[in-house]
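Work through the exercises below with the sequence and the 3D view open. Try each task before reading its solution.

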Amino acid sequence: MTPLVQLDQAVLDALPIGVYVCDDEGHIVRVNSKAVELWGRKPALFDSAQRFCGCFRVENLNGVFIPPEATPMAHAVRHGASFRNVEARVENPDGHRWVASVTIQPLYDPSGCVIGAINCFQDVTREYEQREMLARRQKSFDLAMVASKMGTWRYTMADNICLYDENAQRLYGLAEERFLHDENGVKEKFHPDDMELMWSRVTSALAHDGDGLYDVEYRVKQPDGSWRWLSAWGYVEFEGEGKDRKPVAITGASRDISGPVKADEAQKVLINELNHRVKNMLATVQSIAMQTQRSTPAAFVENFEARLMALSRAHDLLTRRQWTGVCLHELLEQAFAPFGGETNTPVHMAGPDLMLSARTGLAMGMVMHELATNAAKYGGLSTPGGHVDVTWSLDGEGDGARLSLQWRESGGPPITKPNRRGFGSRLIEHSIGNDLSGEIELSYLPSGFQCRLAFPLITERT
């Protein structure tokens, strides 16, 4: 008998794990009762048709079949390789499938030559399924953390080190999980305006008689120098009780709140802008009412309503574009609309496509309304043979750009310069001179009324 055959079978059968031994040809020379139980069959010893493996079928964890001559046992017998806790899927003759964990060691004779190998294996299906379930949960958790822009961390007092998971590293703009919370590191990473609040919340959380809750919002610097708003919260881990209770660590999570913070800031800007515009609107309406009240009672209602409608139409144009601006050509078309529009009235417009800011658009809307109304009542649009020409041009570029506009009426009734300025003239001069910081010239010529105005194209107020 060979030394391998002389192994004590009783000792092998007493083991709670499957064990079998192959000789240097791969023949199975010993197998214990637990291996037979796990395989669901008893292999024939020294059978040349069944070498290296005694199970019915073996696969890797991805379900790919592994032939006997490619198993870890074959590598151990042929090349003296060792394997520890290698997992594989096993199928028994009755179709039962399970996961095996195998540990293999080659066997040597006194001269150091490989004379076989011993394989110890056990059923780890339950442990494997638990690991897979935990892995799936961890993956779902990680995906949820990424989707919610969250990451976890743990800060330990003893070494002043905070360990960040991968999600938290992205949030904090870190290249590694370890971050030293010394004075230089903290000053470099956290916004100086948020430091006092952060440390006050830390102090409150670490108090021996407190609830241990840490909750704060702050800005952290990113690799590109930008700042990201984070909400951080966690609980302090204590040792001891009562006055002897001492903090040892803080475990928590952080979430990116840059979007909500920016939205809140934008909302505040929007509310401030809305308040500004409402105040301006009320002041404009008050001015219109005060100036229009000088008209006769019958004319007051008509004039006041017409001017409010002109203001409303200008607001409608701006609202359609989310108050980003308004086209000058649209403002002119709107001004002529109550009198038949550009196509049904003797009006000619010529000039480049030009977008005006919201502030400029409102002022120009009122100015164009007054000019068109006066032309319809007293000037170039009040008689069948009358005509209005409106031309404009843009001089310069960028911050130095200026709009120049010419309004010429012809073919209307004879006009003379009025003895006093009416509300329309005052509104035009105030809008161009004060609101738009421009110049205006009104000319009452025998050929017809003319208006020349020019002003810088200022950007929208914020």
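**Exercise 1.** Which residues of the largest nonpolar core touch the most other members?

Solution. Start with the source. The model is predicted, so local features need pLDDT of at least 70 and side-chain atom pairs count only at pLDDT 80 or more, while totals for chains, interfaces and linings use all residues. Residues are numbered from 1 along each chain as its sequence is written, and side-chain values use heavy atoms, with hydrogens and water left out.

Next, the term: a nonpolar core is a set of buried Ala, Val, Leu, Ile, Met, Phe, Trp, Tyr and Cys residues joined through side-chain atoms within 4.5 Å. Buried means under 20% relative accessible area, exposed over 50%, and partly exposed in between (1.4 Å probe, protein chains only).

Now the result: in this core of 31 residues, Leu 328, Phe 336, Met 364, Met 368, Leu 405, Trp 407 and Leu 453 touch the most other members. Two or more residues each come from α10, β14 (347–350), α12, β16 (387–395), β17 (402–410), α13 (423–435) and β19 (448–456). Helix α12 gives the largest share, seven residues. Helices (H or I, at least four residues) and strands (E, at least two) are DSSP runs, numbered from the N terminus.

**Exercise 2.** List what Leu 328 touches, leaving out residues up to four places away in sequence.

Solution. Contact means heavy atoms within 4.5 Å. By this rule Leu 328 touches Leu 354, Leu 356, Met 364, Trp 392, Leu 403 and Leu 405.

**Exercise 3.** Describe how α10 and α12 cross.

Solution. Two packed helices are described by the angle between their axes and the distance between the axes. Axes are lines fitted to C-alpha atoms, for helices over the stretch in contact, and angles run from 0 to 180 degrees between N-to-C directions. The axes of α10 (residues 328–336) and α12 (residues 358–377) come within 9 Å and cross at roughly 35 degrees. Residues in the contact include Leu 331 and Ala 335 of α10, and Gly 361 and His 369 of α12.

**Exercise 4.** Is Met 349 buried or exposed?

Solution. Met 349 lies in strand β14. Its relative accessible area is 9%, so Met 349 is buried. The C-alpha atoms of Met 349 and Thr 391 are separated by 5.7 Å, although the two residues are 42 apart along the chain.

**Exercise 5.** What share of the 462 residues in the protein is buried?

Solution. Buried residues make up 38%. The secondary structure comes to 13 helices and 19 strands.
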